[in-house]
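Biologist: Could we go through this model together? I would like to begin with a single residue and then move outward.

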Amino acid sequence: MDLGLTGCVALVLGADSPAGRYCATSLAREGVRLALAGADENRTQLAATSAAAEGQITHVIAAKAGEEDLGKRIADNALARFGAVDIVVIVLPAMPPAFLDEIEEDGPIIEAWSVLADYAAVCRHLVPGMQKGKWGRLIVVGSTEAKALTERPADLDRMVVLGALGLQKSLSGELGPFGITANSVLYDNAIIGSHDALMSTAAAVTYLASRPAAYMDGIVMTVEGDRGKGTF
Amino acid sequence: MDLGLRNKVAVISGGSKGIGFATALILAGEGAKIVLAARTRATLDDAVVQLNKITPDSAFGVCGDMTELANVQALMAETHRVYGLVDIAISNAGALETDPAEGHAPGHFLQTPPAEFARKFRQLSLTAWYLAREAMPDMKAKRWGRILNINSSSAREPKWQLPHVLPNTLRPAVAGMHRSLARRMYQHGITVNNILTGNIATERWRDYHTWLADKRGISFDELVAERCKATPLGRPGTPHEIASYIAFLCSPLAGSITGQSVPITGGRSAHIY
């Protein structure tokens, strides 16, 4: 199926994660040029090498968490390299395991919030270009912890992913008239280590980035094998 | 994206028009073998001719009413004879009729006689169940399969303000049925998913909106603009847009996606997930 992505530019945040690497490679296979940002430079470079093997131009951006104005710097860097960005993918980082009532200092909460703030800043700087072109894709990738409570100390993960999903829904409503869609892909932590689950996650992201997926907006696609509990 | 569907055998009920046929076109383009089922011979024959223009001898049709189990079994038997075991079963049969005299899927709870309830149950639920049930043995034998149902966004957000008690009841029931099947079938390499459509410009959608615009004394375009006000993308979707997602879910790439009911409504759905 022709996804109509040849020549597009994607910025992948969290490219140092396995899901980020698979997404980058999958997008590259469809002819997408890539700006890749990640906190771990070696792993981000690994994603770049993997995507470049598909014959695409890649550009690595160092992205240490906690840096002031990180989102703006990443967006500016990607724009400086490619001139425009059509697709933003963020693979949300795993937060430190914690139950909220056991957290004594506000550091972890601020760190969790900064993930959302950085993503919002990236969008703020790149969306105007998408609006001009009347086309864009904003895709969040996170864990299914957001959808159901588990016994795991994943309160921070849940907070970040739910915040991102809520933001996506708002972006969908606001930016839909400009042909910009905002969608999310959630994966189950228990299976995301497997090649099959990573492949499905990356394929879902790539499909949502595509032109045929133009009417899919404000949705969450879930990759969880048979582990899901809800009907919706 | 190479969907990896070459020579997969796909059976599509309600496949001669709308979303079913749009799906057939994409799957045929990916090299799949297509078997269409539909009630109207002329439309079915025309659809098969179009598919065979993409790839010669890649499609045939079986005329029949999929609310009858015997017809579904005959469809499977013919598929086995021509192409072999089924890999993909897509249920698109059982759309509620547009009745220009009475309106679209008419009926509040107290106005709907039990016989009508039973008839719609056959159309909306049994068609999907029969097709899945008859296709599952093939898929189990291959340890690979895809079962999909074209459902409606009303499965998740019933339109309580409209006289739609039948779809409001039956659409979620089918979603629940497929959710249960998904859990049981995953161990066999079979995924089961629902597609929740909303405001898709099919032929039936056009007929209904033409009728409704007429009834309200406004133009078709005015009505559509009004209906799309709450849709961020500001327009109805196309059958092709739904079909491309179905084709994606059919792919081996989507092997870890099962039990899902994703609304494709141009952003109109109110919920976060």
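Modeller: Certainly. Please keep in mind that this is a predicted model. Let us begin with B:P167, which lies in helix 5 of chain B, a helix that covers residues 165-185.

Biologist: Is B:P167 buried or exposed?

Modeller: B:P167 is buried, because 23 other C-beta atoms lie within 10 Å, and the cut-off for a buried residue is 20 or more.

Biologist: And how far is B:P167 from B:K120?

Modeller: Their C-alpha atoms are separated by 8.4 Å, although B:P167 and B:K120 are 47 residues apart along the chain.

Biologist: Let us change to chain A. How many helices and strands does it have?

Modeller: Chain A has 6 helices and 7 strands. Along the sequence they follow the pattern β-α-β-α-β-α-β-α-β-α-β-α-β.

Biologist: What is the radius of gyration of chain A?

Modeller: The value is 16 Å, and a compact globule with 232 residues would be near 17 Å, so chain A agrees with that expectation. Its C-alpha atoms fill a box of roughly 45 × 40 × 35 Å along the principal axes. Of the 232 residues, 57% count as buried.

Biologist: What share of the contacts in chain A comes from residues 24 or more positions apart?

Modeller: Such pairs account for 74% of the contacts with a separation of 6 or more.

Biologist: Now the helices. At what angle do helix 1 and helix 6 of chain A cross?

Modeller: The axes of helix 1 (residues 18-29) and helix 6 (residues 195-209) of chain A cross at roughly 50° and come within 8 Å. The two helices are therefore oblique to each other. Their crossing is right-handed.

Biologist: Which residues make that contact?

Modeller: On helix 1 of chain A, they include A:P18, A:Y22 and A:L27. On helix 6 of chain A, A:L198, A:M199 and A:V205 are among them. By class, the contact has 11 nonpolar, 3 polar and no charged residues.

Biologist: What about the two chains together? How many residues are in contact?

Modeller: In chain A, 37 residues are in contact with 37 residues of chain B. Helix 5 (155-175), helix 6 and strand 7 (220-223) of chain A each supply at least two residues of the side that touches chain B.

Biologist: Which of these elements gives the most?

Modeller: Helix 6 of chain A gives the most, with 8 residues. The side of chain A that touches chain B divides into 20 nonpolar, 11 polar and 6 charged residues.

Methods: Residues are numbered from 1 along each chain as its sequence is written. Chains are lettered from A and ligands numbered from 1 in the order in which they are written. This is a predicted model: local features need pLDDT of at least 70, side-chain atom pairs count only at pLDDT 80 or more; totals for chains, interfaces and linings use all residues. Axes are lines fitted to C-alpha atoms, for helices over the stretch in contact, and angles run from 0 to 180 degrees between N-to-C directions. Helices (H or I, at least four residues) and strands (E, at least two) are DSSP runs, numbered from the N terminus. Angles under 35 degrees count as roughly parallel, over 145 as roughly antiparallel, 65 to 115 as roughly perpendicular and the rest as oblique. A crossing is left-handed if the near helix is turned anticlockwise from the far one by less than a right angle, and right-handed if clockwise. Two residues are in contact if their C-beta atoms, placed from the backbone, lie within 7 Å. Ala, Val, Leu, Ile, Met, Phe, Trp, Tyr, Cys and Pro count as nonpolar, Asp, Glu, Lys and Arg as charged, and the others, Gly among them, as polar. A residue is buried if 20 or more other C-beta atoms lie within 10 Å of its own, exposed if 12 or fewer, and partly exposed in between; C-beta atoms are placed from the backbone. The radius of gyration is taken over C-alpha atoms; the globule rule is 2.2 Å times the number of residues to the power 0.38.
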